[in-house]
Amino acid sequence: METKNVMIVGVGGQGSLLASKLLGALLVAEGYDVKVSEVHGMSQRGGSVVTYVRFGDNVYSPVIAQGEADYIISFEKIEAARYAANLRKDGKIIVNSQMIDPMPVITGAAQYPVDVLDELRGKGVFVDEIDALSLAQQAGNAKSVNIVLMGRLAKYFHIEKEKWIEAIKNTVKPQFVEVNLKAFELGYNF
Amino acid sequence: MKKLMLGNEAVARGLYEAGVKVVSSYPGTPSTEITEFAAKYDDIYCEWAPNEKVACEVAFGASLRGVRSACAMKHVGLNVAADPLFTLSYTGVNGGLVIFVADDPAMHSSQNEQDSRHYAIAAKVPMLEPSDSAEAKAFVKAAFEISEEFDTPVIVRMCTRIAHSQAAVELEDRQEHALPAYEKNPQKYIMAPANAIRRHPFVEERTRKIAELGETSPLNRVEIGGTEMGIICSGTCYQYVKEVFGNTVSVLKLGIVNPLPTRIIKDFAANVGKLYVVEELDGIIETHLNTIGVPCVGKELFSNIGEFNQTTIRAAFGLPQPENVTLETEVPVRPPVMCAGCPHRGLFYTLAKHKITCLGDIGCYTLGSAAPLFALDSTLCMGASVSGLHGFNKAGGADSEKKTVCVIGDSTFMHSGMTGLVNVAYNGSNSTVIILDNSITGMTGHQQNPTTGYNIKGDPALAVNLEALCHSIGIERVRVVDPYNLKECEEVILEELAVDAPSVIISRRPCMLLKYVKAKPPVTVNKDKCVGCRQCMKLGCPAISFKDKKATVDATQCVGCDVCTQLCRFGAIEKGDR
């Protein structure tokens with residue numbers, strides 16, 4: 001199988017590392033060769049963060065380069081656009097509609113580009129926008145945005161729902177399983 | 001059983017399986033998790049040392065006593081540990097000793113982009129470089145074998161993309177090594193001139209022998225593919241090359257990156273058409289090829305700046321790139337920022353308000369240099385703020401002393417700030433040193449340090465008393481302020497700048513992200529009182545933004561630190577219900 005590429009992007013502190021952990025565990029359980037690449041340290045402090053998940057028969061590079069991503073899962077609206085150059089021509093973007101102002105916007109040095117997803121759609125990019133924050137709150141914990149988005153990814157992915165549920169049970173702390181399963185369903189059925 | 005593991009976690013597993021007994025390290029991205037994961041194994045004694053030099057010397061002591069030992073650090077940490085390293089090369093080891101160093105090409109979280117391979121060459125010690133998690137674990141074990149067989153410390157070089165990438169690893173059992181009886185061996189371990197003179201030829205002979213090992217070791221391997229082109233590479237570059245070329249080219253993958261082999265390179269070159277070297281940062285393999293007279297193309301095509309990926313390789317070889325989408329809209333940058341409720345913010349606000357010159361240091365507080373605070377004037381290396389301030393004041397005189405401070409975190413102060421403070425006291429500058437004591441090593445992801453009262457396992461430990469330490473160094477004026485209290489901060493900073501004496505201000509408030517720190521209810525903006533003066537925006541708090549010409553507070557981010565409520569002259573920001 002040709003290597004498949006999923007990018008998980010967002011703002012430091014939004015919980016993208018747990019999402020990549022879940023996805024990685026699921027893909028390993030499915031028998032794929034998997035590589036997951038993260039950046040820790042300075043960029044985690046509210047900066048733009050990106051995690052690469054790659055899987056297939058034999059994965060070499062740990063990173064996803066320009067024009068290679070089959071999916072971009074974005075935890076924040078403009079972060080999807082920031083990494084859009086990495087998307088394949090026929091790739092899909094799943095994006096949380098939440099907007100978090102970066103510091104240049106807060107200080108007034110830049111404007112938040114609200115129409116950026118429309119521009120992507122205008123260029124023929126498949127964009128699935130979802131209010132993951134509201135769904136996470138509905139599930140019972142605003143921090144489950146990551147699992148709502150994984151639920152949404154599961155909708156398009158080739159792996160059965162039951163396997164995802166199994167992976168969630170094995171990945172999140174026992175006390176958060178219930179909330180996260182709810183979050184997963186809300187994302188999946190949105 | 002196969003498990004997905006970070007490169008760093010795989011190194012820790014390798015330490016466990018290799019029967020390592022002692023690990024001492026100082027945290028530094030991207031090396032930190034090696035020691036954090038190693039500490040999860042009860043069979044390994046692990047600790048956070050105050051700095052990398054101490055860590056390396058602890059590993060030396062453990063090796064001298066006959067056990068396998070290790071230390072881990074980021075690339076700049078090896079600068080600090082360079083002193084023991086260079087002479088460790090002469091003493092050699094008793095129990096195997098391996099130093100892990102993690103380079104950070106592209107500087108995801110670093111102040112420079114140095115290539116640690118230069119250290120292996122300069123200190124004349126072997127260096128191995130794995131290219132994924134499975135190799136990371138295997139190379140740890142190989143490194144200990146080389147260390148003991150050739151009587152040498154060994155460096156294992158990681159880089160961000162190996163250290164922080166997860167890949168499948170096969171777990172194996174731990175091999176225990178009994179503690180041998182201690183035997184004194186002064187000729188080998190006392191590096192006074194008479195002995196060191198005898199050890200140097202040993203070191204040169206050892207390098208020759210390890211180079212010979214590299215000719216046949218499976219750590220260096222040839223992968224024959226298409227023979228029109230041959231590529232020599234190591235580490236993460238191997239993965240990028242394979243990603244782009246698969247088996248269409250032949251590859252010489254080097255696992256031992258110092259000393260470099262000669263015969264296998266010449267044989268490889270003879271069997272392929274055009275020969276290329278793909279290496280990140282400096283052209284070290286290429287220089288070796290030049291020395292042994294093997295023509296190749298390397299830095300002519302590849303930069304010595306930043307990290308590579310598939311795009312870089314394709315571009316260098318003129319291959320087509322996959323199609324992608326480009327946007328006209330410019331997406332504003334999202335730099336890392338100090339968190340909402342960060343205790344450093346109030347202090348930096350005060351420094352910025354009074355236009356105080358501030359020499360900075362390495363830690364989260366480096367973020368105080370960014371807009372809108374612009375509170376820092378310099379950041380060099382660990383500890384440089386304190387010694388730099390002394391020099392700045394000696395050069396600028398009394399006028400400088402009245403309007404210049406430095407800031408340094410608790411962990412960084414323990415690392416190498418206190419020696420600078422000794423210099424301030426001993427050589428007498430009226431410097432004002434601010435210790436930002438947030439009770440943790442923050443930027444690297446919350447590691448304990450000698451001031452926090454806990455060890456790496458989270459067990460209670462002796463805590464260095466910063467006030468008593470500063471007093472004993474000879475600083476009489478030691479003040480403690482709460483950085484959430486702007487008025488107190490301002491008064492104390494201005495007072496200490498004014499006095500003709502060296503002083504230390506300890507700005508004490510635990511990092512807001514620590515589990516035991518409880519957030520207060522978020523503040524709210526009274527829209528009727530807010531006049532839109534944007535004074536609160538000068539704090540650079542990510543929880544405060546402007547909507548419809550009024551301040552607004554993001555309740556999901558605000559932790560109720562109340563610094564902004566003290567700042568608003570119109571009382572428009574109100575404390576949350578409590």
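**Note on the domain and chain interfaces of chain B**

1. Between domain 1 of chain B and domain 3 of chain B, six residue pairs are in polar contact across the interface, both residues of each pair being at pLDDT 80 or more. The elements contributing two or more residues to the domain 1 side of this interface are α2 (32-38) and β3 (45-48) of chain B. By residue class, that side is made up of nine nonpolar, six polar and four charged residues. The reader should bear in mind that the model is predicted.

2. For orientation, chain B is divided into four parts: domain 1 spans 2-216, domain 2 spans 221-316, domain 3 spans 344-508 and domain 4 spans 524-574. The centres of domain 1 and domain 3 of chain B, taken over C-alpha atoms, are 33 Å apart.

3. The extent of the meeting between these two domains can be stated in residues and in area. On the side of domain 1 of chain B, 19 residues are in contact with 16 residues of domain 3 of chain B. The two domains bury about 1,300 Å² between them, and carbon and sulfur atoms account for 57% of that area. Within domain 1 of chain B, the residues that lose the most area to domain 3 are Y26(B), W48(B) and Q111(B), which together supply 38% of what that side buries.

4. How many salt bridges are found across the interface of domain 1 and domain 3 of chain B? The rule finds one. D42(B) forms a salt bridge with K457(B), and their closest N and O atoms lie 3.4 Å apart.

5. The contact between the chains may be described in like terms. In chain B, 59 residues are in contact with 56 residues of chain A. About 4,900 Å² is buried between chain B and chain A, with 58% of this area given by carbon and sulfur atoms.

6. Six salt bridges are counted between chain B and chain A. A salt bridge of 3.2 Å, N to O, joins the side chains of E76(A) and R334(B). In addition, 23 residue pairs are in polar contact across the interface of chain B and chain A, both residues at pLDDT 80 or more.

7. Which elements of chain B give two or more residues to the side that touches chain A? They are β1 (2-6), β8 (165-170), α11 (235-245), α14 (310-316) and β20 (544-547) of chain B. The element giving the most to this side is α11(B), with six residues. The residues of chain B on this side divide into 26 nonpolar, 21 polar and 12 charged.

8. Strand pairing also links the chains. Strand β2 of chain A, residues 33-37, pairs with β8(B) in the antiparallel sense over three bridges. In this pairing, S37(A) stands opposite S165(B) of β8(B). The strand β8(B) is also one of the elements that give two or more residues to the side of chain B touching chain A.

9. Another of those elements, β20(B), pairs in the antiparallel sense over four bridges with strand β21 of chain B, residues 550-553. K547(B) has K550(B) in β21(B) as its bridge partner. The two strands form a hairpin with two residues between them, and D548(B) in the turn has a positive phi of about 55°.

10. A final local point concerns S416(B), which lies in helix α17 of chain B, residues 410-426. Its side chain and that of H415(B) are joined by a polar contact of 2.7 Å. Apart from neighbours within four places in sequence, S416(B) is in contact with M382(B) and G383(B).

Technical notes
Residues numbered from 1 in each chain as written. Chains lettered and ligands numbered in written order. Predicted model: local features only at pLDDT ≥ 70, side-chain atom pairs only at ≥ 80, totals over all residues. Heavy atoms only, no water. Domains from an automatic or database assignment. Contact = heavy atoms within 4.5 Å. Buried area = accessible area lost by both parts, 1.4 Å probe. Salt bridge = Lys/Arg side-chain N within 4 Å of Asp/Glu carboxyl O. Polar contact = N/O pair within 3.5 Å; in protein donor to acceptor, adjacent residues only side chain to side chain. Nonpolar A, V, L, I, M, F, W, Y, C, P; charged D, E, K, R; others polar. Pairing = 2+ DSSP bridges.
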